[in-house]
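Thanks, everyone. Let me put the model up, and then we'll walk through it.

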Amino acid sequence: MKVGEELPPLEIAVTRTLIVAGAVASRDYQDVHHDAELAREKGAPDIFMNILTTNGLVGRYVTDHFGSSTVLRRVAIRLGVPNYAGDTMVLTGQITGCGDDGTAEVSVVGTNGLGRHVTGTVTVSVPEGSA
């Protein structure tokens, strides 16, 4: 693990099932995350992913890279364009900091067909020998 190291990209199909399951799992019952007709009435072309699902996917992306013993310490994200059903989000990342205590800071970007969906920074603790 070293500063500047890039994580391999991860493609995630943004399916209706993923959007609805993420909303239900996070107890977000806003209609724009499960009802296409109501989402269209509110000006969206289709249902779209909630921030909690995006947050979880960003965390998963980083912990999958470093291994199952990795502990998330901080996830700070900012949303951009929506993740609509039928699109694909591609997550990319780069290690921007490494601590003597086994922590790593990773800059993450997620893009889809409309542009940048998410940008953020993830801080993790990586057990010795895991990275």
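One definition before we start: two strands pair if DSSP finds at least two bridges between them. Keep that in mind for Val106, whose bridge partner in S5 is Val122. This is a predicted model, by the way.

Stay with those strands. Val106 belongs to S4, residues 103–112, and S4 and S5 are joined by 10 bridges. They run antiparallel. How many residues does the hairpin between S4 and S5 use? The hairpin gets from one to the other through 2 residues.

S5, residues 115–125, also pairs with S2, residues 71–79. That pairing is antiparallel too, with 8 bridges. Take Val71 as a marker: its bridge partner in S5 is Ser125. So much for the pairings of S5.

Now zoom out. The protein chain has 3 helices and 5 strands. What is their order from the N terminus? Read it off as β-α-α-α-β-β-β-β. The C-alpha trace spans about 50 × 25 × 20 Å along its principal axes.

A few totals for the chain. There are 131 residues, and 38% of them count as buried. The accessible surface is about 7100 Å². Carbon and sulfur atoms account for 49% of that surface. Next, contacts between residues at least 6 apart in sequence: 66% of these join residues at least 24 apart. On charge, we have 10 positive and 15 negative side chains. The centres of the two sets lie 3 Å apart.

Three loop residues now. Start with Arg27. Arg27 sits between helix H1, residues 16–25, and H2. Look at its backbone: phi is near 55°, a positive value, and this is not a glycine. Why flag that? Most residues other than glycine have a negative phi. Is Arg27 buried or exposed? Arg27 counts as exposed, because its relative accessibility is 69% and the cut-off for exposed is over 50%.

Move along to Lys42. Lys42 is in the next loop on my list, between helix H2, residues 36–41, and helix H3, residues 51–66. Lys42 is exposed as well, because its relative accessibility comes to 54%. Which residues does Lys42 touch, once its neighbours within four places in sequence are set aside? Asp31 and Val32. With Asp31 there is a polar contact, side chain to side chain, at 2.9 Å. With Val32, the C-alpha to C-alpha distance is 8.0 Å, across 10 residues of sequence.

Last one: Val81. Find Val81 in the loop between S2 and strand S3, residues 87–98. Its relative accessibility is 24%, so Val81 counts as partly exposed. What does Val81 contact beyond its neighbours within four places in sequence? Asn112, Leu114, Gly115, Arg116 and His117. Go back to the strand ranges for a moment. Asn112 falls in S4, which covers 103–112, and Gly115, Arg116 and His117 fall in S5, which covers 115–125. So this loop residue takes us back to the strands we began with. For a distance across the model, take Val81 to Val24: they are 57 residues apart along the chain, and their C-alpha atoms are separated by 21 Å.

That's the tour. Questions, please.

Methods
Residues are numbered from 1 along each chain as its sequence is written. This is a predicted model: local features need pLDDT of at least 70, side-chain atom pairs count only at pLDDT 80 or more; totals for chains, interfaces and linings use all residues. Side-chain values use heavy atoms; hydrogens and water are left out. Helices (H or I, at least four residues) and strands (E, at least two) are DSSP runs, numbered from the N terminus. Buried means under 20% relative accessible area, exposed over 50%, partly exposed in between (1.4 Å probe, protein chains only). Contact means heavy atoms within 4.5 Å. A polar contact is a pair of N or O atoms within 3.5 Å; within protein, one must be able to donate a hydrogen and the other to accept it, and residues adjacent in sequence count only if both atoms are side-chain atoms. Accessible areas come from the Shrake-Rupley method with a 1.4 Å probe; for residues, only the protein chains shown count as cover. Lys and Arg count as positive and Asp and Glu as negative; His and the chain ends are not counted. The place of a charge is taken as NZ of Lys, CZ of Arg, CG of Asp or CD of Glu.
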